[in-house]
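Work through the exercises below with the sequence and the structure in view. Try each task before reading its solution.

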Amino acid sequence: MQDAVLAMLAKEPAHGYNLRARLQRSLGPLGGSMNPGQIYVTLARLEKAGLVVCERADGLPERPDRKVYALTPAGQQRVAAWLAEVGWPKPDLAEFHLKLAAAAAARLADPVELVAAQRRELLRRLREVQRAALDEPAGPGAGLLLEGVVLRLQADLRWLAACERAWSANDDDEAEDA
Amino acid sequence: MNEPSPVVDVRGLVKHHGEGQGRVRAVDAVDLEVPQGQTLAVMGPSGCGKSTLLHLLGGLERPTGGEVRLAGRRIDTLGEPALARLRRRSVGFVFQAFHLVEELSAAENVELPALLAGCSRREARRRAGLLLERVGLADRARHLPSRLSGGQRQRVAIARALANDPLIVLADEPTGNLDTAATLEVLRIFEELRSAGQTLVIVTHDERVAATADRLISMRDGMFVDDTRLAGAGAGPVPEAGTGTGWLGGLIGLEG
């Protein structure tokens, strides 16, 4: 998130409250938990790291939100590096996969039941995101971000369906072996 | 005062397709109650019997065994004319392929069920106008279906399903032919119907559609394998969207 704040300063220096408003516009309901002070904490850290400088706007009253932040050359380099990065969050499914295997091996729990409980949780999340998406207009705004979250949850739900099929079939095999 | 009957009340419902060796139990001893105002989604793999279930609820097919009641009235024992009347007046159908009459305008398609139910032409027209407005298509009333997008056609089909103020709307893969934007339009209309207290049963492959329902039943091999409350009584705490306190609001931290 520090990188995103830096990149927003690339066009022109800005006040903290302006940056916060731009973030909230882009994030929509996903920005709901940002508290008003957080942007200043981030900016203070960036300033300490020498990536931004802070100037008081001339002729304005002495108030913290009258500070204008600008990129330093180091900040500009960091923004360029961030834009060139092609990193991507890794899917983190191994833990649940291992949970199913462990539960089945030690007969701690029925893997099919674990999958069903997980599926209900993801459906509730999907419900929350989908309902938020219904309130957003089409276009490159917050609705697009919500669409991405929806598609990921859909992919996870499809994987859970595959888990359910595989572990149900496994049950049937064991019943035949017995 | 008696408890109001559930809109759908199904006991021991069985439907076989085919004969002898090739006989398939499309619906296998299912019990189901759908209270007034509930949006129920039914999911399951192809061939699990979910469409057959929908057809049995709406009187499009007759069960091999068991009982189907709509608002307390048994429908599986009705004669064909009475069943046809019930389908026209009390059930609204929405299909994947829209099934609009291509030679009729959007408004005329929506008027049709009211006219068939014996409504005056004037009253049918008035109602069709209101319904097209409700689905956001007042300005397309005179268009033929061929001049409408897929999403618009499905919205006309939904308006038509509502023409006789049905007890229940039954939708079979309503977003199956639609892209994301059109799916959202249909979901917005379903959401509006839900707030208006319309009882709705939706058969779907689309997790997005299922997740917006109040309740989700998963079917396999003609049977219910899961029945989950997503909203309302028994759903557990579900934060409302956009409050910033739920899972969604916590998804993005400014630090990091």
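**Exercise 1. The domains of chain A**

Task: How far apart do the C-alpha centres of domain 1 and domain 2 of chain A lie, and how many residues does each give to the contact?

Solution. This is a predicted model.
Step 1. Find the bounds: the domain assignment of chain A gives domain 1 as 2–84 and domain 2 as 94–177.
Step 2. The C-alpha centres of these two domains of chain A lie 37 Å apart.
Step 3. Domain 1 of chain A gives five residues to the contact, and domain 2 of chain A gives six residues.
Step 4. On the side of domain 1 of chain A that touches domain 2, three residues are nonpolar, two are polar and none is charged.

**Exercise 2. Two crossing helices in chain A**

Task: Which residues of α2(A) and α3(A) meet, and at what angle do the axes cross?

Solution.
Step 1. Locate helix α2 of chain A at residues 16–27 and helix α3 of chain A at residues 38–48.
Step 2. Their axes come within 9 Å and cross at roughly 115°. The crossing of α2(A) and α3(A) is right-handed.
Step 3. From α2(A), A:Gly16, A:Leu19 and A:Arg20 meet A:Ile39, A:Tyr40 and A:Leu43 of α3(A).
Step 4. Sorted by class, this contact has four nonpolar residues, one polar and one charged.
Step 5. A general point helps in reading such lists: an α-helix has 3.6 residues a turn, so residues three or four places apart point the same way.

**Exercise 3. The sheet of chain B**

Task: What is the strand order of the six-stranded open sheet in chain B, and which strands stand at the edges?

Solution.
Step 1. Read the order as β6-β7-β8-β3-β9-β10 in chain B; the pairing is mixed.
Step 2. The edges are β6 (91–95) and β10 (223–229) of chain B; each has a single partner strand, so one side of each is left without a neighbour in the sheet.
Step 3. From one strand to the next, the twist averages 15°.
Step 4. Check one edge pair: β6(B) and β7(B) run parallel and are joined by five bridges. In this pair, B:Val91 stands opposite B:Ile168 of β7(B).
Step 5. Check another pair: β3 (residues 39–43) and β8 (residues 199–203) of chain B are parallel too, over four bridges. Here B:Leu40 has B:Val201 in β8(B) as its bridge partner.

**Exercise 4. Surroundings of β6(B) and α3(B)**

Task: Why is β6(B) described as largely enclosed, and what covers the buried residues of α3(B)?

Solution.
Step 1. Four of the five residues of β6(B) are buried, so this strand is largely enclosed by the rest of the structure.
Step 2. Helix α5 (residues 150–161) of chain B lies across β6 and β7 of chain B, at about 165° to β6(B).
Step 3. In α3 of chain B (residues 106–116), the buried residues include B:Ala106, B:Val110 and B:Pro113. Their cover includes α2 (80–90), α4 (121–134) and α5 of chain B.
Step 4. Just after α3(B), B:Gly118 takes a positive phi of about 95°.

**Exercise 5. The contact between the chains**

Task: Which element of chain B gives the most to the side that touches chain A?

Solution.
Step 1. The contact takes 31 residues from chain B and 30 residues from chain A.
Step 2. Elements of chain B giving two or more residues are α6 (180–195), α7 (207–211) and β10.
Step 3. The most comes from α6(B), with six residues.
Step 4. By class, the side of chain B that touches chain A has 14 nonpolar, 11 polar and six charged residues.

Notes:
Residues numbered from 1 in each chain as written. Chains lettered and ligands numbered in written order. Predicted model: local features only at pLDDT ≥ 70, side-chain atom pairs only at ≥ 80, totals over all residues. Pairing = 2+ DSSP bridges. Axes fitted to C-alpha atoms, helices over the stretch in contact; angles between N-to-C directions. Contact = placed C-beta atoms within 7 Å. Nonpolar A, V, L, I, M, F, W, Y, C, P; charged D, E, K, R; others polar. Domains from an automatic or database assignment. Buried ≥ 20, exposed ≤ 12 C-beta atoms within 10 Å, placed from the backbone. Left-handed = near helix turned anticlockwise from the far one by under 90°.
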